[in-house]
Amino acid sequence: MKPLYLLAIFPVIGFFGGLSFANRVEPYVLGLPFLFFWIILWVALTSVIMAVIYRFDPANKEEL
């Protein structure tokens, strides 16, 4: 496994590992309960992490 692919573990840890940490209603962040904000945050961060993996993966380089 390429070390770059290990970045894909962070969203799993963020979603499932952080749910017990974030499982509360207070405080409100941007008008949302904290758990709902936590899930939305990790959906966005997952997209960013996958874009970084795609960008730096040598298998995605175009042949000129």
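1. Helices here are DSSP runs of H or I with at least four residues, strands are runs of E with at least two, and both are numbered from the N terminus. By that reckoning the protein chain has 2 helices and 2 strands, which follow one another as α-β-β-α along the sequence. The radius of gyration is 15 Å, well over the 11 Å that the globule rule gives for 64 residues, so the protein chain is more spread out than a compact globule. (The radius is taken over C-alpha atoms, and the rule is 2.2 Å times the number of residues to the power 0.38.)

2. A word on the model before going on: it is predicted, with local features needing pLDDT of at least 70 and side-chain atom pairs counted only at pLDDT 80 or more, while totals for chains, interfaces and linings use all residues. Residues are numbered from 1 along each chain as its sequence is written, and side-chain values use heavy atoms, leaving out hydrogens and water.

3. Now the overall form. Along the principal axes, the C-alpha atoms fill a box of roughly 55 × 25 × 10 Å. Of the 64 residues, 17% count as buried, meaning under 20% relative accessible area, with exposed being over 50% and partly exposed in between (1.4 Å probe, protein chains only). Among contacts (heavy atoms within 4.5 Å) with a separation of 6 or more, 51% join residues 24 or more positions apart.

4. On the outside, the protein chain exposes about 5000 Å², and carbon and sulfur atoms supply 74% of that. Areas come from the Shrake-Rupley method with a 1.4 Å probe; for residues, only the protein chains shown count as cover.

5. You may like to look at the nonpolar patch on the surface, formed by Val 12, Phe 16, Leu 19, Ile 39 and Val 43, with about 440 Å² of accessible area together. Patch residues have over 30% relative accessible area and no salt bridge (a side-chain nitrogen of Lys or Arg within 4 Å of a carboxyl oxygen of Asp or Glu); like charges are joined within 9 Å, and nonpolar side chains (Val, Leu, Ile, Met, Phe, Trp, Tyr) within 5 Å. Both α1 (9–22) and α2 (34–56) supply at least two residues, and α1 gives the most, with 3. Phe 16 lies in α1 and counts as exposed because its relative accessibility is 64%.

6. Leu 30 deserves a glance too. This residue sits in the loop between β1 (28–29) and β2 (32–33), and its phi is near 55 degrees, a positive value in a residue other than glycine. Leu 30 counts as exposed, at 77% relative accessibility.
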